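Welcome! Here is a friendly briefing on a protein, with its pockets and sheets as the topics. Please keep the structure open while you read.

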Amino acid sequence: MSPTTATAQACANIAFIKYWGNRDDALRLPANSSISMNLDGLYAETTVQWLSGPGEDQLVLNETPQSGDPLRRVSAHLERVRAQLGTSSAANVRSVNNFPTGAGIASSAAAFAALTAAAVSAAGARLSERELSILARTGSGSASRSVPDGFVEWFAGDSHETSYAESFAPADYWALTDLVAIVSQAHKAVGSTAGHPTATTSDLQSCRVAGAQERFDRCRQAVLERDFATFAEVVELDSNQMHAVMMTSRPSLFYWLPESVLVMCLVRQWRAEGLRVCYTLDAGPNVHCLCEAADATEIERRLRTLAGVQDVRSASPGPGARVVSVE
Ligand code: PMV
């Protein structure tokens with residue numbers, strides 16, 4: 001294969017209905033289907049250059065050459081891309097996140113969606129969006145959801161081929177804003193790859209999974225009807241259920257800080273006052289305040305008055321992964 005280079009961009013995403021726990025950890029087949037929104041303007045930009053033969057893969061992340069676990073994880077993903085495309089060449093990978101790590105925005109979804117799209121394109125191969133989503137899923141489960149546009153559903157499926165994401169509404173369908181209240185920039189103690197296998201140690205996981213499809217259907221319908229009241233109720237319930245599982249796992253994973261709880265309580269109070277806002281938290285303490293865009297300025301103003309909130313990042317619904325150049 002002659003050396004070819006391609007660059008792709010993919011947004012981070014925020015889950016409305018969470019993915020937590022796998023039925024197959026190696027394939028990252030999730031325990032339940034999930035729903036998310038891509039976060040416009042918060043993206044990874046990744047360039048993959050395939051070399052002319054086998055060798056060591058290289059990874060430069062945010063201008064810093066990587067070794068150890070980050071390189072191993074990217075190399076393992078490139079190995080799956082090589083297997084699918086029938087090549088044995090090594091690759092040079094350069095990736096930049098335009099949002100800071102530790103900002104409460106999951107970087108692995110954006111990173112593995114962009115890596116997959118760039119690697120396939122640089123090899124001169126063409127995969128369907130579904131095939132890209134399946135391949136991205138094997139790098140990081142939530143990366144499957146950063147491949148399609150806008151509002152996205154990831155079907156859990158029951159095999160490698162049936163577990164993929166697709167768009168159910170375009171980015172401009174509903175003017176929602178995600179205001180991320182940053183209460184801590186510390187690197188999380190237990191990341192999601194290590195966290196997923198702990199889910200089944202909680203007595204609550206089977207209950208969470210049993211109700212997931214009903215919440216998924218309710219959330220999907222609420223987005224399609226732009227029904228904020230139903231959306232808020234199901235999004236908060238789903239986040240609370242995931243964190244209940246995390247807290248009751250053995251060992252327990254406890255991601256909330258006092259400031260996280262304060263923001264959650266205030267969001268509920270503000271909604272009772274008439275503002276259209278609800279909260280959701282991933283595997284970390286920062287609070288994603290999802291709101292109607294028309295209410296975003298007032299909610300951001302209120303968040304910024306809180307001593308425990310260090311910063312607020314804002315994102316609208318964003319596009320799917322896209323190749324921006326091929327050489
Ligand atoms: O894709 P992963 O392994 O980083 O897992 C993501 C898990 C959560 O962010 C907590 C929930 C989700 O659905 O994004």
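The notes below go through the pockets and then the strands and helices. Keep in mind that this is a predicted model. The largest pocket holds about 1,300 Å³ of space, and the second largest pocket has a volume of about 250 Å³. There is also an open sheet of 4 strands to explore.

**The largest pocket**

- Where does the largest pocket lie? Domain 1 (4–172) and domain 2 (176–315) both contribute residues to its lining, so the pocket lies between them.
- The lining is made of 50 residues. To find the centre, look for Arg73, Ala106, Ser107, Ser108 and Lys188, which lie nearest to it.
- Several elements each supply at least two lining residues, including the strands β1 (4–17), β5 (58–61) and β7 (91–97). Helices do so too, among them α1 (68–85), α2 (107–122), α4 (192–195) and α7 (228–247).
- Which element gives the largest share of this lining? That is α2, with 6 residues.
- Sorted by class, the lining of the largest pocket has 21 nonpolar, 22 polar and 7 charged residues.

**The second largest pocket**

- Here 13 residues form the lining, and Ala117, Ser121, Leu127, Leu132 and Val323 lie nearest the centre.
- Two or more lining residues come from each of α2, α3 (129–137) and β14 (322–326).
- Helix α2 turns up again with the largest share, which is 3 residues for this pocket.
- By class, the lining of the second largest pocket counts 8 nonpolar, 2 polar and 3 charged residues.

**The open sheet of 4 strands**

- Reading across this sheet, the strand order is β11-β12-β10-β13, and the pairing is antiparallel.
- Why do β11 (277–280) and β13 (311–315) each have one side without a neighbour in the sheet? Both stand at the edges with a single partner strand, so one side of each is left free of a neighbour.
- From one strand to the next, the twist averages 25°.
- As background, the strands of a sheet pair through backbone hydrogen bonds, in a parallel or an antiparallel way.
- Strand β11 is joined to β12 (residues 287–292) by 4 bridges, and the two run antiparallel. Within this pair, Tyr279 stands opposite Cys289 in β12.

**Helices on the open sheet**

- Helix α7 packs on the sheet and touches β10 (176–182), β11 and β12. The direction of α7 makes about 20° with that of β11.
- Helix α8 (residues 258–272) lies across β10, β11 and β12. How does α8 run relative to β11? The angle is about 155°.
- Helix α7 is worth a second look, as it also supplies at least two residues to the lining of the largest pocket.

**Strand β4 and its partners**

- Strand β4 (residues 34–50) runs antiparallel to β1, and 12 bridges join the two. Look for Thr5 standing opposite Gln49 in β4.
- With β7, strand β4 forms 7 bridges, again in an antiparallel arrangement. Here Glu45 stands opposite Val96 in β7.
- With β8 (residues 151–154), strand β4 pairs in the antiparallel sense over 4 bridges. In this pairing Ser34 stands opposite Trp154 in β8.
- Two of these partners link back to the pockets: β1 and β7 each give at least two residues to the lining of the largest pocket.

How values were computed: Residues are numbered from 1 along each chain as its sequence is written. This is a predicted model: local features need pLDDT of at least 70, side-chain atom pairs count only at pLDDT 80 or more; totals for chains, interfaces and linings use all residues. Side-chain values use heavy atoms; hydrogens and water are left out. On a 1 Å grid over the protein atoms alone, a cavity is a set of points where a 1.4 Å probe fits but cannot get out, and a pocket is an open set with protein on both sides within 12 Å along at least five of seven lines; lining residues have an atom within 4 Å of a point. Grid points are joined across faces, edges and corners, and a volume is the space filled by probe spheres set on the points. Ala, Val, Leu, Ile, Met, Phe, Trp, Tyr, Cys and Pro count as nonpolar, Asp, Glu, Lys and Arg as charged, and the others, Gly among them, as polar. Domain bounds come from an automatic or database domain assignment. Two strands pair if DSSP finds at least two bridges between them. Axes are lines fitted to C-alpha atoms, for helices over the stretch in contact, and angles run from 0 to 180 degrees between N-to-C directions. Contact means heavy atoms within 4.5 Å.
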